[in-house]
Amino acid sequence: MVPGNSFDVIVIGGGIVGLASAHAILERHRGLHLVVIEKEIKLAAHQTGRNSGVIHSGLYYKPGSLKAQNCRNGYKLLLEFCAKEEVAYEICGKIVVATKTEEFSRLEELAIRGKANGLSRIRHLSESEIKDHEPHCAGKRGLFVPETGIIDYKQMCEKLAVRITALGGEIRLGEKIESISSSLGRQRVSTSHSSYDSKVVVVCAGLQADRLASKMDRDLDLRILPFRGEYFSLKPSAQKLVKNLIYPTPDPAFPFLGVHFTRMIDGSIECGPNAVLALAREGYLKTDFSIRDIWETITWPGFRHVARRHWKTGLGEYKRSIFKSAFVAALQRLVPEITKDDLVPAAAGIRAQACSRDGGLLDDFEIRTIGSTVHICNAPSPAATASLSIGQHVALQVAELLV
């Protein structure tokens, strides 16, 4: 063991959930010897740094679920954190619209769910009232959700990193995890550069979550399926078409919100994403592929179940990926004045979506304790909004393991 590489807690992953977990652990246990290990040379390199920067209100999630509980609690903690640390954010509200009559009942169910989650200020909108919020939007009915906001999550990660080091924690970048094992009551972690040991390990590895969890549980019953979300941005000349955030009524059978419009904290307007199966877990370009990643996806029994159930939806997503005109048509359902010439390509992101062996796309957060390791196995949206609350949840589990 390298001198100085023995810790009380090792946190793997330098995204917002890993940093929030490390921060919560140190806040709870002052003086604890903790290190965050990240394989990239910068923090927030993957899901955190490539999402659309939305502060989610808790509208979509099943009441009582980990998503609902942690989103609502995390929302409050996030606003307090941003005010204290001077992180730029804005609570601007969003509208969710139904563009077809068959979506009306789903929109109403969404309102009921949101109110069950404590969103008492949700307001139903008529077609004319939608225009009051978004003059260029074509919805027939809508919901106004005033609690929704926008933020720069990378800036929030930078502030968390400063807090972690101020509390005595360390952050080590550019070290890829090669193995995790347990021996004589200690956890052993080997990286591309060094070796570490600790009493407890917390794994917040996003797109690599299943691979690291399977090092401790060889019969792990889930696998990460990577879905690439592709975006466009509106040219400055077209930004007047969108004031804040415009979302469609989501399909409850598919764990994605559909192509939508988001005003970013810098004033730009992002359009998207679609959701296509990525050919590489960290492949942000359409041409990126990894034989290992592809093989692990197609050989997972759950993927074959997903493909059979959702092939029509999947084909529609690929159509929008291949043909810009199809992507534009999806946007025009919400804002008919949008044209192909209004859009310029923007950076893509990849969602780590856990899939069970029987083909279930896990809708809720999945946090598992395996021995003295805590694994965040599934933390898709709204994990960034919920991150400080997830961190507190993880800190409680770590406290039990440190006894």
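1. **Counting salt bridges.** A salt bridge here is a side-chain nitrogen of Lys or Arg within 4 Å of a carboxyl oxygen of Asp or Glu. By this rule the count comes to 19 salt bridges. The structure is a predicted model, and every value below is computed from it. Side chains of opposite charge can pair when their charged atoms come close.

2. **Overall build.** The protein chain has 10 helices and 20 strands. Its radius of gyration is 21 Å, close to the 22 Å that the globule rule gives for 403 residues, so the chain is as compact as a globular protein of that length. The C-alpha trace spans about 65 × 45 × 35 Å along its principal axes.

3. **Burial and contacts.** How much of the protein chain is buried? Buried residues make up 56% of the 403 residues. Among contacts with a separation of 6 or more, 75% come from residues 24 or more positions apart. The accessible surface of the chain is about 17000 Å². Carbon and sulfur atoms hold 52% of that surface.

4. **Arg188 and Asp197.** These two residues form a salt bridge, and their closest N and O atoms are 4.0 Å apart. Which partner is buried, and which is partly exposed? Arg188 has 28% relative accessibility and counts as partly exposed. Asp197 is buried, because its relative accessible area is 5% and the limit for buried is under 20%.

5. **Arg320 and Glu317.** Here the closest N and O atoms of the salt bridge are 3.0 Å apart. Both residues lie in helix H8, residues 301–322. They are three residues apart, about one turn of the helix. Arg320 is partly exposed at 23% relative accessibility. Glu317 is buried, with a relative accessible area of 10%.

6. **Arg368, Glu366 and a network.** The side chains of Arg368 and Glu366 meet in a salt bridge, 2.8 Å from N to O. Glu366 has a relative accessible area of 23%, so it is partly exposed. Elsewhere, salt bridges that share partners build one network. Its members are Asp210, Arg211, Arg281, Arg292, Asp293 and Glu296.

7. **The S19–S20 hairpin.** Strand S19 covers residues 366–370, and strand S20 covers residues 373–378. They pair in the antiparallel sense over five bridges. Ile370 stands opposite Thr373 in S20. Two residues separate the strands of this hairpin. Which residue in the turn has a positive phi? Gly371 does, at about 65 degrees.

8. **A three-stranded open sheet.** Strands of a sheet pair through backbone hydrogen bonds, either parallel or antiparallel. In this open sheet the order is S3-S8-S4, and the pairing is antiparallel. The edge strands are S3 (54–55) and S4 (89–90), and each pairs on one side only. Two bridges join S4 to S8, residues 149–151. The bridge partner of Tyr89 is Ile151 in S8.

9. **Arg163 in helix H5.** Arg163 sits in helix H5, residues 153–166. Is Arg163 buried or exposed? Arg163 counts as buried, because its relative accessibility is 17% and the cut-off for buried is under 20%. What does Arg163 touch, leaving aside its neighbours within four places in sequence? The contacts are His23, Phe81, Lys84 and Glu85.

10. **The loop between S17 and H7.** This loop runs between strand S17 (276–277) and helix H7 (291–298). Leu279 lies in the loop, and Asp288 is found there too. Leu279 is partly exposed at 37% relative accessibility. Asp288 is partly exposed at 27%. Leaving aside neighbours within four places in sequence, Asp288 is in contact with Leu279, Ala280 and Gly283. Asp288 and Ala278 are 10 residues apart in sequence. In space they are 8.4 Å apart, C-alpha to C-alpha.

11. **A nonpolar patch.** Which residues make the nonpolar surface patch of about 330 Å²? They are Leu279, Phe289 and Ile291. Leu279 thus appears twice in this note: it belongs to the patch, and it is a contact of Asp288.

Note on methods:
Residues are numbered from 1 along each chain as its sequence is written. This is a predicted model: local features need pLDDT of at least 70, side-chain atom pairs count only at pLDDT 80 or more; totals for chains, interfaces and linings use all residues. Side-chain values use heavy atoms; hydrogens and water are left out. Two strands pair if DSSP finds at least two bridges between them. Helices (H or I, at least four residues) and strands (E, at least two) are DSSP runs, numbered from the N terminus. Buried means under 20% relative accessible area, exposed over 50%, partly exposed in between (1.4 Å probe, protein chains only). The radius of gyration is taken over C-alpha atoms; the globule rule is 2.2 Å times the number of residues to the power 0.38. Contact means heavy atoms within 4.5 Å. Accessible areas come from the Shrake-Rupley method with a 1.4 Å probe; for residues, only the protein chains shown count as cover. Patches are made of residues with over 30% relative accessible area and no salt bridge: like charges are joined within 9 Å, nonpolar side chains (Val, Leu, Ile, Met, Phe, Trp, Tyr) within 5 Å.
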